[in-house]
Structure formats: structure tokens, C-alpha cells
Amino acid sequence: AKHRGDKQGQTTGLSRLHRSQCVTGILEENDIFQNAQAGVLISTQSQPSLRRNRIFDGLAAGLEITNNATATLEENKIFNNKFGGLCLASGVNPILKDNIITGNHNMVEKAVDSGQCLYKISSCTSFPMHDFYRCRTCNTTDRNAICVNCIKNCHAGHDVEFIRHDRFFCDCGAGTLNNQCKLQGEPTQDTDTLYDSAAPMESHTLRVN
């Protein structure tokens, strides 16, 4: 199957291309831009091919691949996205050929480098991709993500465990753990981090069958 066209200004441009929708397929010559979350999110063992798309001006990542998915990416232009251009979870190895990934703002890496909690750039409405951890001392599970700077500051000296590189928001910064985050202000009342299974606020899925 092939899909062409524009996806502008939605929560996620090509939202959650997952197994029931897009095991394989071709997405080509789309303009995907100004989305609140990832321009393209590929998940759950999908294997699409993306060719000659432009993914740009997003408020999160341009393209994210997670949860045992992969993709063939050819001649795409990914630029001017806030969180980064191409973001890959642990174990993801797409086939890349002649893509241009440039001019993205890489706000996730900048926040980490400056010592911020990642919740400051995401709140609970988006899911930046980076290393996340759990804290055994605080009895968190792998469903409670803690960003690397909170591990270094709020959980210093604790028994901690690296989980994986993936998309999440930081539960420590969100105020959902027992101890208050040292890097944040007032906590919020959000109660669970859902990573890749977290549904967008509004779904605009382009189906490829």
C-alpha cells in the first residue's frame, strides 16, 4: 500500500504505525509538519518503508521508532523538530539510505546536558526519548520512568537500574513518586507513565494495509 499527502498541525502526524495497521507498507512524498508529538511514530513490530518524505517543524521528535519495530528510510528530509530528528529506542536498527537529517533542535540532549529534569520540556503530554531508569530503593517499577538527571540528583546513593532507551516522561519530575523531585517545582497529579502505549490526546492515524 502507498500513501501520499500532507499531515499538518495534529497531535501526531502519522500516529502509531503499529502491527494491526502497518506491518509493511510504503509512505512516500508526504509533508508532515507542525505536530504536537512525533511527526511519525513507528511501533509494535511494524516494518514500513518511508521514501522522500519531509518531516519538519514538529514540537517533539521528527520520527520515532520503538517497541521492536523497524523501518526502511530512504531520501527523507527531517529538519527543524524540537526534540530531535530521528529517535531510536533500544534494539531498533532501521535501514537508512540517503536521508538528510539536519537543523533539529535536540532539546532532549540539551536538557540532559544542562542538568534539567526531562519533565521540564515534556510535562505529561509528550514523551521525549532518552535513557530511563528505575529506583529499587524507592520501590519503583519499570512502569515508573526516572530520567538520568533525577537519578543523579534525587536518587543519588540509591540502588538504581537502567531500563532502556525509549520514549517516556519522568515520573520523578511529575511528582508521582514518594520523594519530591529536587529539580522540579510543584508536582503534578499524573499517576502513570505509559511510554509507547500512551495514546495521543487526539488520534489521526494514517492506515497502511
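1. The side chains of E64 and R167 are joined by a polar contact of 2.8 Å. This is a predicted model, and the contact is a good place to start reading it. E64 sits in strand 7, which spans residues 61–65. Its relative accessible area is 2%, so E64 counts as buried.

2. What surrounds E64? Setting aside neighbours within four places in sequence, E64 is in contact with A38, V40, L41, I42, C87, F127, M129 and R167. R167 therefore appears twice in this account: in the contact list of E64, and as the partner of E64 in the 2.8 Å side-chain polar contact, while E64 itself is buried at 2% relative accessible area. M129 is also on the list; strand 13 covers residues 129–135.

3. T66 deserves a look next. T66 is placed in the loop between strand 7 and strand 8 (72–74). Is T66 buried or exposed? The relative accessible area of T66 is 0%, so T66 is buried. The cut-off for buried is under 20%.

4. Which side chain does the side chain of T66 meet in a polar contact? The partner is D166, at 2.6 Å. T66 can also be set against H165: the two are 99 residues apart in sequence, yet their C-alpha atoms are 9.4 Å apart in space. H165 and D166 belong to the stretch assigned to strand 15, residues 160–167.

5. Now the sheet. Strands 14, 13 and 15 form an open sheet in the order 14-13-15, with antiparallel pairing. Strand 14 and strand 15 are the edge strands, each pairing on one side only.

6. How many bridges join strand 13 to strand 15? There are 7, and the two strands run antiparallel. F132 faces R164 of strand 15. R134 has E161 of strand 15 as its bridge partner.

7. On the other side of the sheet order, 2 bridges join strand 13 to strand 14 (residues 146–147), again antiparallel. Y133 stands opposite I146 of strand 14.

8. Strand 13 is mostly covered. Of its 7 residues, 5 are buried.

9. The largest nonpolar core holds 46 residues. Which of them touch the most other members? They are I42, L63, L118, C150, C170 and C172. Strand 13 gives the most to this core, with 4 residues. The core draws at least three residues from each of domain 1 (26–105) and domain 2 (115–174).

10. L118 and I42 can be followed further. Not counting residues up to four places away in sequence, L118 touches V108, A111, V112, H130, C147 and F168. H130 falls within the residue range of strand 13, and C147 within that of strand 14. I42, also among the core residues with the most member contacts, is in contact with E64.

11. Finally, the chain as a whole. The protein chain has 4 helices and 15 strands. Buried residues make up 49% of its 209 residues. Among contacts with a separation of 6 or more, residues 24 or more positions apart account for 60%. The exposed area is about 9500 Å², and carbon and sulfur atoms supply 43% of it.

Conventions:
Residues numbered from 1 in each chain as written. Predicted model: local features only at pLDDT ≥ 70, side-chain atom pairs only at ≥ 80, totals over all residues. Heavy atoms only, no water. Buried < 20%, exposed > 50% of the residue type's maximum accessible area, 1.4 Å probe, protein only. Pairing = 2+ DSSP bridges. Contact = heavy atoms within 4.5 Å. Areas by Shrake-Rupley, 256 points an atom, 1.4 Å probe, with all protein chains shown as cover. Core = buried A, V, L, I, M, F, W, Y, C linked by side-chain atoms within 4.5 Å. Domains from an automatic or database assignment. Polar contact = N/O pair within 3.5 Å; in protein donor to acceptor, adjacent residues only side chain to side chain.
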